[in-house]
Amino acid sequence: MPEAESVTDPAASCEDLVKVFRSATGETHALRGIGLEVHPGALTVVAGPSGSGKSSLLTMLGARDRPSAGTLTVLGGDIGAASTRDLRQLRRRRIGFVPQRSALGVFPHLRAVDQLRQVAGWRGARTDDPADALAAVGLGHRADHLPLALSGGEQQRLAVALALAGSPALIVADEPTAELDHANADVVVDALLAAAAAGAAVVISSHDERIMHRADRLLRLRHGVLSSETTRRDTTGVIDATGRLQLPPAVLDLFPSRRVVVEIGADGVRLRAPEEES
Ligand SMILES: Nc1ncnc2c1ncn2[C@@H]1O[C@H](COP(=O)(O)OP(=O)(O)OP(=O)(O)O)[C@@H](O)[C@H]1O
C-alpha cells in the first residue's frame, strides 16, 4: 500500500462514503454519503443518536471494513483497493483501535503488561515502558492481571492503553468511556488528548456531552449523514455531493415547518422560515 502522506495531510479522509449492510431480511444503509477529514494533532469526536452510523464510520476509519461506495483514504492508503494483507499490516503497525465492545480489544490470555509489550513491539516501539502506559489510564496496579480478573471498566481502560501503545499515527476509539464513571472517563480523555498533543490523529465516538465539550472538532451524524461540524471557533452545516444541506440541530429547530426560503442578496445568502417576515 502506498504511504505517500506528508505531515500536513489528513490522517484519514473520505468522500461520498457509503456503507450498506445486506442480510436475509434486507439492506441497511448505515452511511449515506459522508465526506470528512481527520487531522493529526486533534481530538475529533463523532456524536449522534443510536443507529446513526457512528460505529460503522469508526470501523472504516480504523481500516477494519471497506466502503460499499465512495472513497476512503487512511494514512495514505486507499482502503477500498488495499489487499487484506496490507490492511492487516496497516492496522497492526499504525492504527490504535478500541472496539465498542472493549473486551474484544484485549488479549484474553496475556497479562496486561505483556499485552502492552506485544503491541508496542508490533509498532516498533520496544523501548516504551508498559508500566507508564498502564499508569496513564489509572491501571498501574493491575499490570500483572489477566483481563478476566479486571472489571468491565478496567478492561476498557486496558483497551485504550493498548490503542495508545507505541504512539500510532491514528487512534480510533468507539465509545471508549461508555463503561466508566466521570473520574475515569476524564483520565481516558486526558490520555487521548495527550496523544493528540503529541501529534496523533485521534477520533472517538461518544454520547457524553462532557466529552464533546473537550473535542477540538465535533462531528454530528444523523441517519447516516453528517449533520454538523463544530470546531472550537464555529459550527457549520454540511452540504452533501447532491447539494442537500444538513443544518445543525439547534438551527433546525428554527424551521418548524421544515421549509426554508433562500434569499440571495448582495451581502450573501440568507435562510429564513417561510413564517418569518422577510
Ligand atoms: N453488521 C451489520 N449488519 C447489519 N446492519 C448493521 C450492521 N452493523 C450496523 N448495522 C446497522 O447500521 C446502522 C448503523 O449502526 P451503527 O452501529 O453504525 O450505529 P451507531 O451510531 O454506532 O449506534 P450505537 O450508538 O447504538 O452504537 C443501524 O441501523 C444498525 O442496525
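Let's start right after helix α5, where G166 takes a positive phi of about 75°. Keep in mind that this is a predicted model, so please take the angles in that spirit.

Now back up into α5 itself. This helix covers residues 152-164, and its 13 residues reach 19 Å from the first C-alpha to the last, close to the 18 Å expected at 1.5 Å a residue. How many of its residues are buried? The count is 11 of the 13, so α5 is largely enclosed by the rest of the structure. If you'd like to find them on the screen, the buried ones include E154, R157, L158 and L164. And what does the covering? Among the elements over those buried residues are α3 (112-122), α4 (130-136) and α6 (182-197), along with the strands β6 (95-98) and β7 (170-174).

Staying around β7 for a moment, have a look at the loop between β7 and α6, because E175 is found there. As general background, most residues other than glycine have a negative phi. E175 has a positive phi of about 50° although it is not a glycine. Is E175 buried or exposed? E175 is buried, because 22 other C-beta atoms lie within 10 Å, and the cut-off for buried is 20 or more.

There is a second residue of this kind, H223. H223 also is not a glycine, and its phi is positive, about 50°. You'll find H223 in the loop between β9 and β10, a hairpin with 2 residues between the strands. H223 is partly exposed, with 15 other C-beta atoms within 10 Å. The two strands of that hairpin, β9 (residues 217-222) and β10 (residues 225-231), run antiparallel and are joined by 6 bridges. To pick out one pair, L219 has E229 in β10 as its bridge partner.

On to the sheet. Four strands make an open sheet in the order β2-β1-β4-β5, with antiparallel pairing. Its edges are β2 and β5 (77-78), each of which pairs on one side only. Between β1 and β2 there are 10 antiparallel bridges, and one pair to look at is C14 with its partner L36 in β2.

Those strands bring us to the ligand. There are 13 residues around the ligand, and F21, A30, S50, S55 and S56 come nearest. The elements giving two or more residues to this shell are β1 (12-23), β2 (26-38) and α1 (54-61). Which of them gives the most? That is α1, with 3 residues. By character, the shell divides into 10 polar, 2 nonpolar and 1 charged.

While we're at α1, let me point out L58, which lies in that helix. L58 is buried, with 23 other C-beta atoms within 10 Å. Leaving out residues up to four places away in sequence, L58 touches V46, V172, D174, V203 and S205. The pair with S205 is a nice one to trace on the model: L58 and S205 are 147 residues apart in sequence, yet 7.7 Å apart in space, C-alpha to C-alpha.

Last, the overall layout. The protein is divided into domain 1 (12-243) and domain 2 (247-278). Taken over C-alpha atoms, the centres of the two domains are separated by 36 Å.

Definitions and conventions:
Residues are numbered from 1 along each chain as its sequence is written. This is a predicted model: local features need pLDDT of at least 70, side-chain atom pairs count only at pLDDT 80 or more; totals for chains, interfaces and linings use all residues. Domain bounds come from an automatic or database domain assignment. A residue is near a molecule or strand if its C-beta atom, placed from the backbone, lies within 6 Å of it. Ala, Val, Leu, Ile, Met, Phe, Trp, Tyr, Cys and Pro count as nonpolar, Asp, Glu, Lys and Arg as charged, and the others, Gly among them, as polar. The expected span of a helix is 1.5 Å times one less than its number of residues. A residue is buried if 20 or more other C-beta atoms lie within 10 Å of its own, exposed if 12 or fewer, and partly exposed in between; C-beta atoms are placed from the backbone. Two residues are in contact if their C-beta atoms, placed from the backbone, lie within 7 Å. Two strands pair if DSSP finds at least two bridges between them.
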